[in-house]
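This report covers charged pairs, helix packing and one buried acid. Look over the sequence and the coordinates before reading on.

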Amino acid sequence: WADFVDHKVFGAQVRFLESKGEEKDELVEQLKRLEEVLGDKAFFSGEEFGFLDIVTIPFSSMFHGYEQLGRFHLDVECPKLTQWAKRCKQRESVRAVLPDDTEMYELHKHLYGIE
């Protein structure tokens, strides 16, 4: 699943950003697949924060940007995934290194020429 995140989710994110939000369906589809893997567990490996959580949590810094650019609500599309991100962000080890959502969106707007 780490390979899925690295290739499918990241690829869908790039296409989404390059399209300035028009390619949101593919991104949402990949995020929903991740949500299916998560299921009702607290973390991808169960009750413990693990490798797949570490691989996936950086994408949560763009959740705000996805919503702004794609004009949708991720907590409606993928509620379990957004709750997972909130749990992860409660961890000091995650909070200490994860970039701010708004700053990430502003950076990507600049990088991709988004108005």
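Lys 32 is partly exposed, because its relative accessibility is 33%. Its salt-bridge partner is Glu 77, and the closest N and O atoms are 3.2 Å apart. Glu 77 lies in helix H5 and Lys 32 in helix H2, so the pair ties together parts that are 45 residues apart in sequence. Glu 77 is also partly exposed, at 29% relative accessibility.

The model is predicted. Mean pLDDT for the protein chain is 95. Of its residues, 100% reach 70 or more. Confidence is lowest in H8, with a mean of 91. Confidence is highest in H6, at 98.

**Salt bridges**

How many salt bridges does a search of the whole structure find? The search finds 6. Three of them, including the pair above, are set out here.

| Pair | N to O distance | Location |
|---|---|---|
| Glu 26 and Arg 15 | 2.6 Å | helix H2 and helix H1 |
| Glu 77 and Lys 32 | 3.2 Å | helix H5 and helix H2 |
| Arg 95 and Glu 92 | 2.6 Å | both in helix H7 |

Glu 26 and Arg 15 meet through their side chains in a salt bridge. The pair links distant parts of the chain, 11 residues apart. Glu 26 counts as partly exposed because its relative accessibility is 23%. Arg 15 counts as partly exposed too, at 39%.

Arg 95 and Glu 92 pair within one helix, H7, which covers residues 92–95. They are 3 residues apart, about one turn of the helix. An α-helix has 3.6 residues a turn, so residues three or four places apart point the same way. Arg 95 is partly exposed, with a relative accessible area of 46%.

**A buried acid without a partner**

Asp 53 sits in helix H3, residues 51–56. Is Asp 53 buried or exposed? Asp 53 is buried, yet has no salt bridge. The nearest side chain of opposite charge is Arg 91, 7.8 Å away. A salt bridge needs nitrogen and carboxyl oxygen within 4 Å, so that pair does not qualify.

What does Asp 53 touch, leaving out residues up to four places away in sequence? The contacts are Phe 43, Phe 44, Ser 45, Glu 48 and Trp 84.

Val 37 belongs to helix H2. Val 37 touches Trp 1 and Phe 44, with residues up to four places away in sequence not counted. Phe 44 therefore appears in the contacts of Val 37 and in those of Asp 53. Val 37 and Asp 53 are 16 residues apart in sequence. Their C-alpha atoms are 11 Å apart in space.

**The buried side of H4**

Helix H4 runs over residues 63–70. Which of its residues are buried? They are Phe 63, Gly 65, Tyr 66, Leu 69 and Gly 70. These residues lie on the same side of H4, because they cover an arc of only 160° around the axis.

The buried residues of H4 pack against helix H1 (2–18) and helix H2 (24–38). They also pack against helix H5 (74–77), helix H6 (79–89) and helix H8 (101–112). Just after H4, Arg 71 takes a positive phi of about 55°.

**The annotated span**

UniProt, in an unreviewed entry, lists residues 1–111 as "domain: GST C-terminal". That span is 68% helix and 0% strand. Its end C-alpha atoms lie 28 Å apart.

Terms used. Residues numbered from 1 in each chain as written. Predicted model: local features only at pLDDT ≥ 70, side-chain atom pairs only at ≥ 80, totals over all residues. Heavy atoms only, no water. Buried < 20%, exposed > 50% of the residue type's maximum accessible area, 1.4 Å probe, protein only. Helix = DSSP H or I, 4+ residues; strand = E, 2+ residues; numbered from the N terminus. Arc of directions from axis to C-beta. Contact = heavy atoms within 4.5 Å. pLDDT = per-residue confidence, 0-100. UniProt positions renumbered as here; feature names shortened; annotations may be inferred. Lys, Arg positive; Asp, Glu negative; His and termini not counted.
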